[in-house]
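Hi,

Here is the structure I promised to pass on. Have a look at it first, and then read my notes on the pockets, the ligand and the cavity below.

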Amino acid sequence: MIKVEEALQRVEANCIKMPTKQIAIRKALGYVLTNKVISPIDMPPFRQSAMDGYAFIHSIKHQYDIVSTSQAGDHLNLKLKANEAVRIFTGAFVPDNADTVVMQEHVIANKDSILIAVMPSKGTNVRLKGEQIAKDNVVFEAGTLITPAAIGFLASLGITEIEVYKKPKVAILVTGNELVKPGEKLKKGKIYESNSVMLQAALETAGINKTKVYRVKDDLKATKKSLKEILKKYDIVLVSGGISVGDYDFVKEALLHNDVNEHFYKINQKPGKPMFFGSKNGTLVFALPGNPASSLTNFYIYVYPAIRNRIGHSEIHRTKIVRTLNSDVKNDTGKTLFLKARYDETNVTVLEGQSSSMLNTFAVANGLLIVPEDVEVYEKGTLVTVLPID
Ligand code: AMP
Ligand code: MG
């Protein structure tokens with residue numbers, strides 16, 4: 001049995017970056033850049049007005065003649081004299097020797113002239129050429145996750161395509177004779193199968209939107225056969241259930257039979273102890289416990305960072321937060337605990353019902369409180385680490 005930190009290191013050590021591809025920026029949300037992006041232009045490309053108002057050469061004078069208009073999209077080729085101003089609008093070209101824009105609310109405007117009532121300081125309301133980024137400078141470093149704002153910024157630079165890491169193809173293999181698909185009739189002894197949709201949804205939080213689900217009975221031969229096919233086709237395989245020590249748990253044997261390299265089996269944690277992690281030809285295999293809450297916990301702790309790692313993300317883990325504990329928490333297990341909890345701006349409360357089979361608690365949790373294996377008690381008021389979940 002290995003420690004959580006060691007397990008995380010082994011996962012990280014076995015993650016190979018995905019191959020790369022060119023992608024239209026419109027489709028690039030959630031992808032990660034393989035290389036730095038260099039700006040082909042200055043942004044803004046010219047000096048722009050930041051307001052609707054009047055452009056002029058700053059001086060102590062308050063009275064100016066209006067000599068022309070600069071609308072957004074125009075390129076006004078004129079030289080202002082000291083007593084002249086140009087009517088100008090937001091985003092419009094600022095004439096070359098003008099240095100200041102006064103907002104229209106701060107002038108008394110006549111037909112052909114203005115009187116500046118509130119004099120702005122020199123340079124006010126003029127967006128400088130290249131103030132967001134200068135031509136040939138780095139827009140984004142390799143490893144940057146593409147967000148809506150990043151897509152907008154790339155478009156503003158005229159960039160239409162970028163190079164990203166492909167997203168991994170992920171399969172879920174669900175094991176268990178007792179499982180019935182939701183929507184079907186629940187016969188005696190059966191339960192509804194919930195891990196596949198839960199894991200699919202969890203995968204979406206890591207940017208994986210398409211996942212194929214396979215199902216197999218608790219049968220060694222069938223499990224071996226199923227895994228043989230799946231291992232060939234996918235970059236990440238999540239197996240649900242059948243990885244514990246029961247007489248009908250065949251997953252580990254089936255994985256080893258298919259030449260999956262074992263990196264670890266069983267972690268010193270609660271919930272989620274019986275988990276197998278292995279790989280074959282770059283494909284990662286996480287055999288997650290069948291108990292739903294364990295399965296989801298281990299998804300957040302191990303699978304999520306592995307996906308981020310494979311898609312080239314520079315920050316593979318979710319950002320943890322620190323909160324003040326609302327009650328005493330005991331840990332007499334010697335294991336790392338991941339406790340379903342709710343946090344707010346300042347505090348964190350451990351929820352009732354921590355059993356690994358219980359999703360009712362998980363469903364209302366917004367974080368996992370992490371209690372390290374060597375901590376026997378956290379007293380109320382202690383600052384503790386919480387992993388936010390969504
Ligand atoms: P296992 O890890 O296969 O021994 O399963 C542990 C527990 O989780 C058992 O109570 C199973 O019935 C339950 N379980 C396993 N797989 C699923 C699933 N896909 N959906 C809901 N419960 C499951
Ligand atoms: Mg089972």
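Let me begin with the second largest pocket: sorted by class, its lining has nine nonpolar, 14 polar and seven charged residues. Bear in mind throughout that this is a predicted model. The lining comes to 30 residues, and Gly241, Gly242, Pro289, Gly290 and Asn291 are the ones nearest the centre of this pocket. Two or more lining residues come from each of β13 (170-175), β15 (191-192), β19 (269-270) and α6. The space inside the second largest pocket is about 470 Å³.

So much for the walls; now the occupant. The second largest pocket is where ligand 1 sits. Around ligand 1 there are 15 residues, with Glu178, Glu193, Ser194, Gly242 and Gly290 coming nearest. That shell splits into five nonpolar, seven polar and three charged residues.

You'll probably want the polar contacts of ligand 1, so here are some:

- Glu178: an N or O atom in its side chain is 2.5 Å from an oxygen atom of ligand 1.
- Glu193: a polar side-chain atom is 2.8 Å from a nitrogen atom of ligand 1.
- Asn291: here a polar backbone atom is involved, 3.2 Å from an oxygen atom of ligand 1.

As for cover, ligand 1 taken alone exposes 480 Å², and the protein buries 76% of that.

On to the largest pocket, which has a volume of about 630 Å³. It is lined by 29 residues, and those nearest its centre are Tyr31, Lys167, Gly207, Ile208 and Asn209. By class, this lining has 13 nonpolar, five polar and 11 charged residues. At least two lining residues each come from α3 (195-205), β16 (211-216) and α6. Note that α6 turns up in the lining of the second largest pocket as well as in that of the largest pocket.

What about enclosed space: how many cavities of 30 Å³ or more does the structure hold? There is one, and the volume of the largest cavity is about 40 Å³. Its lining consists of Leu8, Val11, Glu12, Pro305, Ala306, Asn309, Ile316 and His317. Five of these lining residues are nonpolar, two are polar and one is charged. Here α1 (4-13) and α6 (292-310) each supply at least two residues, so you'll meet α6 once more if you follow the lining of the largest cavity.

Shout if you'd like to go through any of this together.

Cheers

Methods. Residues are numbered from 1 along each chain as its sequence is written. Chains are lettered from A and ligands numbered from 1 in the order in which they are written. This is a predicted model: local features need pLDDT of at least 70, side-chain atom pairs count only at pLDDT 80 or more; totals for chains, interfaces and linings use all residues. Side-chain values use heavy atoms; hydrogens and water are left out. A residue is near a molecule or strand if one of its heavy atoms lies within 4 Å of it. A polar contact is a pair of N or O atoms within 3.5 Å; within protein, one must be able to donate a hydrogen and the other to accept it, and residues adjacent in sequence count only if both atoms are side-chain atoms. Accessible areas come from the Shrake-Rupley method with a 1.4 Å probe; for residues, only the protein chains shown count as cover. On a 1 Å grid over the protein atoms alone, a cavity is a set of points where a 1.4 Å probe fits but cannot get out, and a pocket is an open set with protein on both sides within 12 Å along at least five of seven lines; lining residues have an atom within 4 Å of a point. A molecule sits in a cavity or pocket if more than half of its atoms lie within 2 Å of its grid points. Ala, Val, Leu, Ile, Met, Phe, Trp, Tyr, Cys and Pro count as nonpolar, Asp, Glu, Lys and Arg as charged, and the others, Gly among them, as polar. Grid points are joined across faces, edges and corners, and a volume is the space filled by probe spheres set on the points. Helices (H or I, at least four residues) and strands (E, at least two) are DSSP runs, numbered from the N terminus.
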